[in-house]
Amino acid sequence: MRKLCERSAKTKFSLRRLQLELNSYAAHHAHPLLLRRPPAPASRGKGEIQALKTGGLPLGMRAGIKYSEEQFPLQSGDVLVLMTDGIIEAKDSNEQLYSDSGRLEKTISQFTQEQSAETMVEAILNDAMDFGGDKTSRDDDMTVVVAKIK
């Protein structure tokens with residue numbers, strides 16, 4: 001597995017207030033996922049996984065399109081998962097999509113607050129690749145970014 005920006009991935013920073021603003025995602029593309037758990041000590045539960053969806057065409061599909069801005073407030077303890085469509089469109093031997101299998105949500109729901117973002121990324125990548133079988137050449141990139149909100 002090739003790691004990009006390994007040095008940057010280990011840099012820690014904090015923000016007092018963060019709002020996620022998404023411009024556009026279309027059907028059949030990877031919507032960001034948000035894992036929200038109740039505040040500690042009640043955080044022992046699985047929490048809720050929410051797809052952050054907006055309407056409109058993907059960026060670059062047509063010139064001159066105006067996009068509306070959607071804001072999704074984040075809170076301490078949230079885990080934000082961004083991924084390319086290579087993750088959700090991985091297929092098993094029966095041509096079932098990874099996104100339809102329930103495995104992505106199951107993997108994310110098992111994350112703990114003690115896990116690093118890097119460990120979470122590896123868990124998603126490994127599960128998607130296991131699901132898709134051992135393919136020497138994939139038709140799409142598989143990229144995952146995890147942000148833990150402190």
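**Fold, core and charged pairs of a predicted model**

Read from the start of the sequence to its end, the protein follows the pattern α-β-β-β-β-β-α-α-α-α-β. The pattern belongs to a predicted model, in which there are 5 helices and 6 strands. Of the 150 residues of the protein, 31% count as buried.

The interior is a suitable place to begin. The largest nonpolar core has 22 residues. Those with the most contacts inside this core are V81, M83, I87, L104, I108, I124 and V144. Two or more residues are given to the core by each of the strands β2 (33-36), β5 (79-83) and β6, and by each of the helices α2 (85-88), α4 (103-109) and α5. Of these elements, α5 gives the most, with 6 residues.

From the core, the account turns to charged side chains. Side chains of opposite charge can pair when their charged atoms come close. The structure holds 3 salt bridges.

One of the salt bridges joins R36 and D78, whose closest N and O atoms are 2.6 Å apart. This pair links distant parts of the chain, since R36 lies in strand β2 and D78 in the loop between β4 (70-73) and β5, 42 residues apart. The two partners can also be described by their exposure. R36 has a relative accessible area of 24% and is therefore partly exposed. D78 counts as buried because its relative accessibility is 0%, the limit for a buried residue being under 20%. Strand β2, which carries R36, is also among the elements that give two or more residues to the largest nonpolar core.

A salt bridge is likewise formed between D127 and R103, with an N to O distance of 2.6 Å. Here too the pair links distant parts of the chain: D127 is in helix α5 and R103 in helix α4, with their positions 24 residues apart in the numbering. D127 has a relative accessible area of 15% and so counts as buried. R103, at 30%, is partly exposed. Helices α4 and α5, which hold this pair, both give two or more residues to the largest nonpolar core.

K91 and E95 form a salt bridge as well, and their closest N and O atoms are 3.5 Å apart. K91 is partly exposed, with a relative accessible area of 33%. E95 is exposed, because its relative accessible area is 52%, and a residue counts as exposed when this value is over 50%.

Helix α5 also holds D130. At 58% relative accessibility, D130 counts as exposed, whereas D127 in the helix α5 is buried. D130 and D92 are 38 residues apart along the chain, and their C-alpha atoms are separated by 8.8 Å.

The surface finally shows a grouping of like charges. E89, D139, D140 and D141 gather there in a patch of negative charge. One of these residues, D141, is found in the loop between α5 (117-132) and β6 (144-148). D141 has a relative accessibility of 39% and therefore counts as partly exposed. The two elements on either side of this loop, α5 and β6, are also among those that give two or more residues to the largest nonpolar core.

Conventions. Residues numbered from 1 in each chain as written. Predicted model: local features only at pLDDT ≥ 70, side-chain atom pairs only at ≥ 80, totals over all residues. Heavy atoms only, no water. Patch = residues over 30% accessible without salt bridge, like charges linked within 9 Å, V, L, I, M, F, W, Y side chains within 5 Å. Areas by Shrake-Rupley, 256 points an atom, 1.4 Å probe, with all protein chains shown as cover. Salt bridge = Lys/Arg side-chain N within 4 Å of Asp/Glu carboxyl O. Lys, Arg positive; Asp, Glu negative; His and termini not counted. Charge placed at Lys NZ, Arg CZ, Asp CG, Glu CD. Helix = DSSP H or I, 4+ residues; strand = E, 2+ residues; numbered from the N terminus. Buried < 20%, exposed > 50% of the residue type's maximum accessible area, 1.4 Å probe, protein only. Core = buried A, V, L, I, M, F, W, Y, C linked by side-chain atoms within 4.5 Å.
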